[in-house]
Amino acid sequence: MNTSHIPVPADRPPVITIALLSATALGYEILLIRLFSIIQWHHFAYMIISLALLGYGASGTFLSFTQQYLLPRYRLTLMLNLALFALSTLPCFLLAQHIQFNPEELLWNWRESLRLVQIYLLLTLPFFFAANAIAITLARYRPLITRTYAADLLGAGVGSLAVLLLLYVVPPLPGLAILSAVAVACLVVAAVELHIPGRKRITVVALLLMASGIWIGNTLQLELSPYKALSQALRVDGARIDNQRYSPLGLLHVLENPVIPPRYAPGMSLNAVAGPPRQLSLYSDGNSLGAITRDNGESQPLQFIDQLTSALPYHLQHPDSVLVIGAGGGMSVLQAGYFKAPEIHAVELNPQIVKLLSDTYAAFTSNLYRRPGVHVYIDEARGFVRNRETRYDLIQLAMQDAAGASSAGLYALSENYLYTTEAFKAYFGLLQPGGYIAVTQWIKLPPRDTLKLLSTAIDALQASGIDQPGRQLMLIHGWQTSTLLIKYGRFSLDEIHAMQGFCRSRAFDVAWYPGMNAAQANRYNLLREPYFYQAAQALLGPDRQSFLDSYKFNVTPATDDQPFFHNFFKWSTLVEILRLRGQGGLPLLDTGYPVIIATLAQTIVLSLVLLLMPLLLLKRKDSLEAPHTALRLRVVAYFAAIGVAFLFIEIAFIQKFMRFLYHPVFTTAVVLASFLVFAGLGSAWSRRYSLCDRQRSGMRQAATGIILTGLAYLLLLDPLFNWLSAWPAAARMLVSSLLIAPLAFFMGSPFPLALSSLGKQATALIPLAWSVNGCASVLSAVLATLLAIHFGFHAVIVLALMLYAISVFVFPATDY
């Protein structure tokens with residue numbers, strides 16, 4: 001049916017359709033990140049989704065070539081793109097997950113690059129169709145761009161909140177099916193808003209499609225990468241899934257293997273005469289979280305716990321109160337109970353893990369989490385510590401990641417606020433005099449994790465006013481793990497002798513204690529040189545900075561502003577590692593950082609291609625029709641600047657508010673929804689400037705508001721967070737939303753004001769502006785992480801404010 005001849009009221013854009021479409025598209029993006037975090041690894045998920053979002057840039061390029069044909073057929077174009085978006089959401093993911101992509105081989109196996117391109121193309125399609133529908137509506141209703149864009153942002157804000165709430169109710173794959181059903185519903189809403197004939201038939205077909213999609217989503221299973229820990233464990237004869245749970249914090253699996261039982265005793269002494277009792281392996285998103293250990297109430301089967309490096313603090317004193325950060329499968333809680341600690345407090349973020357041990361496996365663990373004296377708190381560790389008044393004799397940070405993932409550098413780009421200078425300073429403040437902080441890590445060779453941990457601990461002690469931190473540190477290591485002790489006070493000779501006896505009987509090596517000499521290092525687990533002792537000496541000596549600069553890996557302290565504890569990459573070492581490729585040197589390369597560099601390069605190349613195509617098209621047009629070169633350059637500069645700046649601030653503020661709201665899911669939901677909703681309100685407000693042709697004036701006022709508010713927040717947010725940190729969670733969420741409101745309100749104006757200006761003077765450039773903004777947004781997601789790694793999130797915010805200042809001077813108008 002040809003609908004191009006049917007007039008569309010110029011003052012009635014389908015804002016409900018656009019809002020629902022934007023909500024679905026952003027929900028789809030969040031769900032894809034979650035899904036790919038499960039079937040791949042989380043930073044590869046961000047890489048894939050970032051490039052898939054180039055569909056928005058591709059949409060602008062496509063419309064540059066086709067808008068003269070599509071605008072007269074607006075209703076048909078809109079309905080077709082809505083239908084293609086709805087029909088592609090679920091199938092594109094299902095096809096993409098079956099592509100056997102191994103990200104660890106990406107840097108040297110060209111076949112993996114081809115597989116990655118296939119995933120890009122599949123995931124780009126839904127975003128391309130959604131972007132087409134929004135962009136063609138903006139171009140069709142040029143006088144009402146601010147209203148349409150406001151609906152776009154408001155819908156996205158509601159969608160970001162709704163999809164996170166949805167993930168508490170259903171697993172991600174059925175959630176994706178529900179989202180595809182909502183995408184189909186967009187067709188029905190559009191048919192009603194645009195008065196399209198045959199609405200009843202469209203509704204019937206839509207209902208059938210919705211039911212089919214939900215049925216498919218509930219019958220299919222996720223296909224995890226064969227390289228993930230869970231996939232490999234399931235290949236072992238006798239392995240089976242005993243239990244499965246889901247929440248937005250992770251997809252949990254409990255694995256049992258009666259034929260070849262799992263054995264989890266990280267760093268257990270080679271002198272140990274017995275291993276652990278029966279265990280069940282615990283996985284989150286396919287990554288190992290350790291094990292749930294069988295406890296029949298007798299101490300003899302648990303003797304292996306005394307053969308771990310993490311048992312050291314219990315041999316120096318008998319702690320009356322223990323705080324375990326990251327309870328997980330309960331190994332550290334079990335260890336504290338084995339050594340008869342009367343009061344054990346454990347913090348765990350994921351309530352599903354606590355429920356597993358408290359209910360499903362209560363008998364298996366002899367009610368580990370419900371024993372007298374054991375108190376388990378479902379909370380984020382930093383928030384728990386900040387608001388705690390109880391003092392502890394021992395604070396133990398449990399091991400949270402798998403040895404294989406750690407050694408492959410798969411956590412290199414993960415923000416971790418448990419291992420920063422500020423975090424250790426907070427832990428130190430909760431110690432009783434004479435108490436310990438104990439941190440156990442997997443060992444990498446050459447040393448990385450352990451040295452960065454030591455470097456961060458030294459910084460924290462110095463920040464706490466300790467002039468000689470070496471007197472309050474003790475470091476040991478075995479063949480697989482290391483344990484660092486930080487004491488509230490100086491170590492005594494009795495403690496040093498007890499530590500030496502502990503290590504001697506278990507063949508653990510001493511790496512540092514006050515007064516240690518080189519002859520006491522490297523005795524059992526022999527290395528070419530006593531690397532750990534040498535590094536400890538250097539980090540505690542006057543030439544510390546020289547050591548940090550010259551060491552082959554990045555072991556500088558992690559901070560709250562640069563919370564990438566597991567990033568050890570240094571460019572100066574890359575060439576040397578690549579030379580050792582034929583000798584097994586590639587495992588020394590932390591893959592996370594090089595991959596994000598590769599992502600940035602790919603994004604730049606693809607963005608340039610997408611941007612050059614419409615520019616070349618405009619150049620070929622007759623000079624009387626095409627906007628002149630200066631205006632085109634202003635469009636590129638302006639929309640690139642505000643596209644990058646908007647995402648920079650959004651990403652940085654999610655991290656900033658993480659230290660106030662603590663919970664990652666709640667923080668993402670509150671910050672993202674607040675930014676988008678209030679930006680939508682700001683866009684609607686900016687219409688008053690468009691109606692009287694004062695877009696440039698409106699932009700100046702908006703940029704001024706953004707810069708002043710942003711600078712004020714850089715100075716005031718941290719003190720304000722400290723002051724309000726004890727407030728209830730609901731109150732802190734409300735305060736967060738109110739704090740974001742003025743900044744987001746101003747940030748909602750620059751885009752629609754500039755589009756409105758173009759709509760009155762250079763309509764042909766609207767698709768170019770859409771393409772530039774889309775490409776810049778994708779680029780900013782990758783670039784923000786890189787800048788934060790090197791300069792911190794404060795620098796990301798400052799750069800964003802500078803870009804908003806620059807955008808004032810390149811505002812796209814012909815009256816310059």
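The lining of the largest cavity has 10 nonpolar, 11 polar and no charged residues (Ala, Val, Leu, Ile, Met, Phe, Trp, Tyr, Cys and Pro count as nonpolar, Asp, Glu, Lys and Arg as charged, the others, Gly among them, as polar). This is a predicted model, in which local features need pLDDT of at least 70, side-chain atom pairs count only at pLDDT 80 or more, and totals for chains, interfaces and linings use all residues. Residues are numbered from 1 along each chain as its sequence is written, and side-chain values use heavy atoms, with hydrogens and water left out.

**Cavities**
- The count is six cavities of 30 Å³ or more (on a 1 Å grid over the protein atoms alone, a cavity is a set of points where a 1.4 Å probe fits but cannot get out; lining residues have an atom within 4 Å of a point).
- The largest cavity has a volume of about 250 Å³ (the space filled by probe spheres set on the points, which are joined across faces, edges and corners).
- Its lining numbers 21 residues, and those closest to the centre are Tyr264, Met331, Ser332, Ala398 and Met399.
- Strand 4 (287-293), helix 11 and strand 8 each give two or more residues to this lining (helices, H or I, at least four residues, and strands, E, at least two, are DSSP runs numbered from the N terminus).

**Eight-stranded sheet**
- This open sheet has the order 7-6-5-8-9-11-10-12, with mixed pairing (two strands pair if DSSP finds at least two bridges between them).
- Strand 7 (374-378) and strand 12 (509-512) are the edges; each has a single partner strand, so one side of each lacks a neighbour in the sheet.
- Strand 6 (residues 343-348) and strand 7 run parallel, joined by five bridges.
- Val347 has Tyr377 of strand 7 as its bridge partner.
- Helix 11 (residues 331-338) packs on the sheet, touching strand 5 (321-325), strand 6, strand 7 and strand 8 (392-397) (contact means heavy atoms within 4.5 Å).
- The direction of helix 11 makes about 175 degrees with that of strand 6 (axes are lines fitted to C-alpha atoms, for helices over the stretch in contact; angles run from 0 to 180 degrees between N-to-C directions).

**Four-stranded sheet**
- This open sheet has the order 1-2-3-4, with antiparallel pairing.
- Strand 1 and strand 4 are its edge strands, each pairing on one side only.
- Five antiparallel bridges connect strand 3 (residues 279-284) with strand 4.
- Helix 12 (residues 351-360) lies across strand 1, strand 2, strand 3 and strand 4, at about 130 degrees to strand 1.

**Salt bridges**
- There are 14 salt bridges (a side-chain nitrogen of Lys or Arg within 4 Å of a carboxyl oxygen of Asp or Glu).
- Arg240 and Glu256 form a salt bridge at 2.5 Å, N to O.
- This pair links strand 1 (residues 240-247) to strand 2 (residues 250-256), with Arg240 and Glu256 16 residues apart.

Note on methods. 1 Å grid on protein atoms, 1.4 Å probe; cavity = no way out; pocket = protein on both sides within 12 Å on 5 of 7 lines; lining within 4 Å.
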